[in-house]
Structure formats: C-alpha cells, structure tokens
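Trainee: I am new to this structure and should be grateful for a close look at one part of it. Could you choose a place where strands lie side by side, and then show me how the rest may be read in the same manner?

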Amino acid sequence: MDTNPEIIKEFLIDCYENLDRLDSELVALEQDPGNASRLASAFRTAHTIKGAAGFLAFGKLEKITHVGENLLSKMRDGKLVLNQDVTNGLLRMIDAVREIAEYVEAHGCEPSTDYGAVVTLLRTLDEETSAPPPAQAEATPAVDAPVAVAAPPTPVPAPVAVAQVAEVPPLDHLFVADPADAGRSDADSPNNKKQAVSDTALRVDVDLLDKLMTLVGELVLARNQILQLTSEQADSGLASATQRLNLVTSDLQEGVMKTRMQPIGNIWSKFPRVVRDVATQCGKQVRIEMEGKETDLDKTIIEAIKDPLTHIVRNAVDHGVEDPAIRTQRGKAAEGVLRLRAFHEGGQINIEIADDGAGIDPEKIRATAVRRGVITQEQAARMSDHEAIRLVFAPGFSTAETVTNISGRGVGMDVVKTNIEKIGGQVDIQSRVGEGTTLKIKIPLTLAIIPALIITSADGARYAIPQVNLLELVRLEAEAAASAIERIKGAQFYRLRGNLLPLVHLHRALELQSYQGEGDHAINIVVLKADNRQFGLVVDRINDTEEIVVKPLGKQLKGVSVFAGATIMGDGTVALILDVLGLAQRSSVLGESRTRNQADQALETAGADTAKQTLLLFRAGSHERLAIPLSQVARLEEFPAEMVERSGGLDVVQYRNDILPLVAMWGDRSDRTGTSRQAIVFDHKDAHVALVVDQIIDIVNETVVVQKKLARRGVLGSAVIQQKVTELVDVSEVLAAADRQMTGQAA
Amino acid sequence: MKALVVDDSRVMRMLLSQMLKEVGFSDVAQAQHGREGLTHLTGNPDVQLALVDWNMPEMSGIEMVEAVRKESSLNATKLMMVTTESELSQVERALTLGANEYVMKPFTKDVITDKLRLLGFNL
C-alpha cells in the first residue's frame, strides 16, 4: 500500500509521545518494579510503536521495538523483574528509536546505521533473565487478562495521538467521552456517520493557529481604533454596539490564546529520564517531584524555555545535589529531591526548580568571580550574599570545580538567563549553604498581546514599554526637578527614597533631537527594572496603559537592541516597543554597577568626613604609607614592563583602546627593567589616569581623622591608620599633575 | 460498504482505514477502544466489518468481541481480529468467543483482501 506522508507524520508525532511516556514509565518503574498497570502500559506503548512501524515498513524500528516489547511482556507477566540493567537496556532502545524517528523525520527513510548492538543487548537481557527463549513468549495463555483489566495507563491519556496543539488536558475527556453520548449523537445524525466516533477533538496545524492569533491581533487593533473613535461620539446605538464588539473581541482573544496553550507537563515529562541519567552518571540518587504540571503556557514560550529548564535540571543534579555518602554524613537522606513547581501568579507563570543539595557558598562565588576578573575585590566585599550568588548568571561564570561532561557543555547559566530574558522573563536564584538552591523563573503568559505603558518622547513620537518592566512613575515639577536631580560626572541621578536612580533620557538614548532645553520644565520619570537593577527613563509625556499587539520588527531592524517590536496604536499610527534591557545596556546603566557605587560613595564621603571610609593603602616613592579613598579608585592594574611605552617624555600604556598616562607623583623607585608596574587607575575627564605605585599594602575600613599639619605636595594631610601614620593623597592634585604632564607633552 | 476500525493507536487507525478504503469500503469509521467500538456498532448495525485490535484501554478487543456477540442485532457484523504473533495463542479463544477471522500484522492489502473474500465480501 502506498504510504501517505500524512500517516508517517502522524506516526512520528505519536512515536515521540510514546517514547516520552515510555521514558517516564521506565523511570517510575525503577522505583516500583512490580506496578502491574505501569508495566502493562509500558508494554502497550512499545507494542503500539512496533505495530505501526511494521506497516510502514520501518524494519529497523520494528525489530528494535520488537525485542523491547518481548522484554516488557515478560515483565508484565511477572517472568522477569525489572532491574537496572534491564532499564538501561530499554532506555537505550528508546534512544535508538528516537534517533531513527528523527532520521525518518528529516530524510523520509530509516538511517543506514546498524542497530544490531541494541537488539543483541536486549536479546541477551531477555535470555539471561528468563528460562524460555524469546520465541516462546507467545506460549502465555493468560496474557490478555491483566492487560484487559488494566485501567487506562496512569494519568496519561490513552495513546491517542494528540498533536502539539491538541494536548490540552480537557481533550482527554473529550476523547474518552461518555460512550452513551457518542452513540446518541451518531444515531441522531445519520449523515454524520462517516465522522469517526473518536473525532470529537481536532488536530489543528500550528501555522493556522499562528495565523488566527495574528488575525485576532489585528481585530484587537481595529477594536481599539473603533473604541477611540466612538468615545468621541454620542450615538448610544453605536456605543452599545461598540461595547459588544469590545467584549466579544476580548473573549475571542482569550479563546484563541487558549488554543495555543500547552501544559508545562509536556516538557517536564522528559525530566525524570534526564534526572535519572545524570544521577546515574554522577553516582547520585535523586528523586524528582513535580507540582503544577497542568499549568498552561503559550506554545512559543514552552518551546523557548525547554532548553533552559533542561539545563537547570541537569545542573541541579550534577552540581546541586551531593553524593549519597556526603549527604548521609551531613544528616540528610541519601536520596536528593529535585522539586519542580509551576503556578500562575499576577498574570505571569512562575516556575521554581528547587534542590535540597549543598547550596551555593557566596564566599566561594566571590572568590571565583574575583579570580576570574568578573568583579573587583572591593565590589566583592560590597556585595550582599544574594548579589554574590546571582553572579552565577554572569557571562563565563562556572562554579563547578571540575567541568563534567554533564553540565559543562559550554552552556552556562548566563545563557539560561539570556534565553529567559529574551521572552520577557526573569530569573532569580536563592540558595542556603547546606540546604539547597532554588531557581525562580517568571515568564509572561504569552508574547503576542501584552499590557504596555504608552509614552511620548521629546520629539512627539510614541513608544510602548512592556508593563512587566515597569515599577513606578515619578513626576517632578520644574523646581523640584532642578534640585532633586544630581549630576555626577556627567551622569544624572535621581534620589528615589534614598537610592540613587540613574537616569536615561529617552531622546538622548535614541539620539533624537530635543525640542526644549532641560531643567526648566516638569520631568516625567518612568522607573524601570532590567536585570534586577533599576533606572529611570526620562520621557516627555506619559499617555496611558494599553493592551498592545506585538509585531516583530523587519529583518533590517532586528539588530537594533533598543526596540523589541512594534505595535499599531488605536489611531492607526505605529509605535515602537522599547526593549528595556537593550535600552539600559545601550545607556550603560547596567553591568556598570561601579559607576553607580562610585557616585554613591563620592556623595557619601563628601557628606561625612568622619564617617568610616574604605581606604586603599600603598607605598610609592619616598612615601612609606599613603592612602586613597577606594571610592575614587576606578581599578587596580598591573602592567607588564613590556607594555609600558615612552611617549613625549611620559610613560604610557595602551589601555582599553586608549592611551593611559602613568603618573609617578613622588618619584618612581620601581625598577624600570622589572617585571611589572603597579598602578592605581582613576577616571578622569572621560578617560583614565594611572598613578604608579611601588606596592599596594592593604584595603582598610576606618574612621579617619585628618591632621592637616604635615601637608606636602599631593597630600591632603596625615592620619593614623592601623596605628601607623599614613598620608592621605589629594587625588585632585594627582589628576592635575597628570594634566600638566599631558599638556607639557603636547606643548 | 461500511466498516469500523477499532484500535487505540491513531496511526494504526489511519493505516487500516486507508487500506480498507483502498480495497473497496466506502465508509470507514474509527474507534479508539472496545467500548467505543461497541457503541458505534450498536448505533450502526449496517456496518458490515470491524477490524479489532487486541490490546486497548477501557475495553480490550476480546472483551469487545464477547460483547458484540451478545447483541443479536449485530449477528451479521463480521469481526476480524488484528493480532501480532505474541497474541496468536489466543486467536483460538477469540474465534470461540465469536470473532470471524484474524489477520496478523503487519499485513499487506492482498492478505487482507483474501481474508475478506473468505468472509464473503465481494471485493
């Protein structure tokens, strides 16, 4: 018979589902090897694949599933007890079948690979563990009895193929609809007999659903336009018709959105197998628990979070849960528990992945981060434990002391974070040493229609800001604005409830022309959150919140990181949707916590002379002990001698695409031919200046009382620090000296 | 000519329906387990042939055969068991309970045509 490609497609969809189910069934059976209904169900699943494979002339598939089925049938009949070897064998069978199915999907035929090894392995297992050879498996007269009685397999729906779309739980009920009901409807409609009894549910092509979603989006736009137009009219008939249109559109939107929803259990179903494999490989014992499998998510989102979630799960087993021996030693159960939880909250989906493992030690993280140059020593000291733990999301950060082949796949937690943020989600991590680690993910329900704040920039154009990023709105009247906004090194900050909020002017960030001068009118600040940091976006006008339909940007604009998409407004004009994270990065208010901290500290030190200060102690030239407030230091560097070049009577190094002058304030005792030069780098006039020192001594946190008696060049005065007289450096003079040297060079 | 395919695998239902259509059945309905099959047959006594799978949830093939044969209105309906070699030993039981014929999968169009002719279908 000619095989219809449609049937092959169905077969493959079915096959993948069956394999996933077989995966979870086997893992469950390992815990409970005698569970008759699970065994029957696993057998039936293998049997189903085999049957169809035979018809479709997939010989290899048929052969492999056939030996697997034999094994399963023996277990079902109690002639063989499942042990780890058998499970491993069967899992290998599943992998082989999956591989073949994927090949068939791509090439339309079976691969030429030889799967003899798997077949032999399964046969050996079969023969080893049971007296009668496999050929006699048929001599089992009572075979159907347990099967027949076996209730529908666990909570999983009957193997009735349900495609991606049709996997919504209520469908099971439709499929297994009340038979009486099905009979009646059939009898009632004789013309309808051709309709299969089971076809009360439909499979729908995802493309079609996508198209419907787009159309609903358009409808929402049209509705918004009509709402806007009728709001200006007084006709009551029109008003009530509009109201109706409004309601129906909302219902329709919700309905279409539901068709795209899938339970998160669809991706979770793979995890028991993943956990088992990883645990076996690392010699650990881990049990997986799931809560909220039925939580629905948009299909696009389900796909987007699949890989990040898998990575997190692998990570948790590989790095999170300790070896059984260590666990027992620490008084925990030898078996670790990985708990997955999903639930709706505040219009978002929350997913939590918690392990009861060793937890993350913030001290270790700090040390590693400093060693890898992700942060400086001083930043590490300032960080809260939570901030430190969040460093695992920093690019290129990996805390595992040995990179295993399980998690060390070149995909770090930074990729997980990026992927989740790409779909408008957020990820956070909490951990307690000895108690475990919990990852919390928040993602939007859908990406297609989102609530947004509409704002106007200084040039009159409107932009949409996704509501998820929005924290609050602040309006400052002209006089207040003048005093409340602080300028630190060219950047503007607004002190919001004691915290300095970096400000970004939208028209400047987007390089639009500004019509009015600043400072003489009221300021609207949209407080936004990106990457767990806050910043204020200064906009001209705040319009309204609105449900907007997200339209992707054209290819040409894909590279523009400040825009996430576009939408059509009620009046028919197009508004761009701001990508808050991209905007923050572009305006460098993120990832540059130094800027903020520094500014913060500069203000603090200016305000309180006698307050405790963090000081950097060093030795330079004739001065044995010098101190500089750490807050004024951009970074500490060590330059190898060969990097130092001589230019116009000045020592310079090439530093971050710039030329960095090395100032030797008090003479330079360090050996010019020596291996390296230590330097303290300052930010100065949008560039850097380096002060050459002989040796960095220490970093201390002390209350300093300055005595101005001993003032010398470049020194403010002296103080007693750590019971020793220490001279405080006048940074402004160092910078002035640098300027003199530079201009001297120019002249 | 009307037929019914009873199988819990959607793919099998599609395959068998296609085959039955190719050999000359104009109207092939599908049911996903024995109970559904039974309901369909009682509502449609003019269905002449039912292909019945063995292992199904809700109601197995053999239970369905037993139940169909208790309905006098369905005396004329031919029941053909679709089996695999591992169920061969039970075919006898199915035949005793009232199945008319069996066919072992995978089978070709020729094989099933032959078997259907034996049952008196004019193909």
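**Strand pairing and helix packing**

Mentor: Let us begin with a single pair of residues: R287(A) has V337(A), in strand 4 of chain A, as its bridge partner. Please bear in mind throughout that this is a predicted model. The bridge between R287(A) and V337(A) belongs to a wider pairing, in which strand 2 (residues 286-291) of chain A and strand 4 (residues 336-345) of chain A run parallel and are joined by six bridges. Strands in a sheet are held to one another by backbone hydrogen bonds, in either a parallel or an antiparallel arrangement. Strand 4 of chain A also takes part in the antiparallel arrangement, since eight bridges link it to strand 5 (residues 348-355) of chain A in that sense. Within that second pairing, L340(A) is matched with I353(A) of strand 5 of chain A.

Helices may be followed in the same way. Helix 12 (residues 271-282) of chain A packs against helix 13 (residues 299-320) of chain A at an angle of about 35 degrees, and the two axes are 9 Å apart. Their crossing is right-handed. On the side of helix 12 of chain A, the residues that meet the other helix are F271(A), V274(A), V275(A), V278(A), A279(A) and C282(A); from helix 13 of chain A come T310(A), V313(A), R314(A), V317(A) and D318(A). By character, the residues of this contact comprise eight nonpolar, one polar and two charged. The spacing of such residues can be understood from helix geometry: with 3.6 residues to a turn in an α-helix, residues three or four places apart point the same way.

Helix 13 of chain A also contains D307(A). Is this residue buried or exposed, or does D307(A) fall between the two? D307(A) is partly exposed, because 14 other C-beta atoms lie within 10 Å, whereas 20 or more would be required for a buried residue and 12 or fewer for an exposed one. Although D307(A) and I267(A) are 40 residues apart along the chain, their C-alpha atoms are separated by 9.5 Å.

Helix 4 (residues 84-107) of chain A offers a check on length. Its 24 residues should span 34 Å at 1.5 Å a residue, and the C-alpha atoms at its ends are 34 Å apart, so the two values agree. Among the residues of helix 4 of chain A that are buried are V86(A), L90(A), M93(A), V97(A), I100(A) and V104(A). After helix 4 of chain A comes G108(A), with a positive phi near 80 degrees.

A further sheet of chain A returns us to strands. It is open and mixed in its pairing, and its six strands follow the order 21-25-26-24-23-22. Strand 21 (635-640) and strand 22 (645-647) of chain A are its edges; each has a single partner strand, so one side of each lacks a neighbour in the sheet. From one strand to the next, the twist averages 40 degrees. Inside this order, strand 25 (residues 676-684) and strand 26 (residues 687-693) of chain A are antiparallel and share seven bridges, with D683(A) opposite H688(A) of strand 26 of chain A. In total, chain A has 23 helices and 29 strands, and 36% of its 747 residues count as buried.

Chain B provides another example, with five helices and five strands that follow one another along the sequence as β-α-β-α-β-α-β-α-β-α. Its five strands make an open, parallel sheet in the order 2-1-3-4-5. Strand 2 (27-31) and strand 5 (101-104) of chain B are at the edges, each with one partner strand, so one side of each is without a neighbour in the sheet. The twist here averages 20 degrees from one strand to the next. Strand 1 (residues 2-6) of chain B is joined to strand 2 of chain B by five bridges, and K2(B) has D27(B) as a bridge partner there.

Helices lie across these strands. Helix 2 (residues 34-43) of chain B lies across strand 1, strand 2 and strand 3 (49-52) of chain B, at about 165 degrees to strand 1 of chain B. Eight of the ten residues of helix 2 of chain B are buried, including L38(B), H40(B) and L41(B). Helix 5 (residues 109-118) of chain B lies across strand 4 (78-83) and strand 5 of chain B, at about 175 degrees to strand 5 of chain B. Of the 123 residues of chain B, 54% count as buried.

Terms used:
Residues numbered from 1 in each chain as written. Chains lettered and ligands numbered in written order. Predicted model: local features only at pLDDT ≥ 70, side-chain atom pairs only at ≥ 80, totals over all residues. Pairing = 2+ DSSP bridges. Helix = DSSP H or I, 4+ residues; strand = E, 2+ residues; numbered from the N terminus. Axes fitted to C-alpha atoms, helices over the stretch in contact; angles between N-to-C directions. Contact = placed C-beta atoms within 7 Å. Left-handed = near helix turned anticlockwise from the far one by under 90°. Nonpolar A, V, L, I, M, F, W, Y, C, P; charged D, E, K, R; others polar. Expected span 1.5 Å × (residues − 1).
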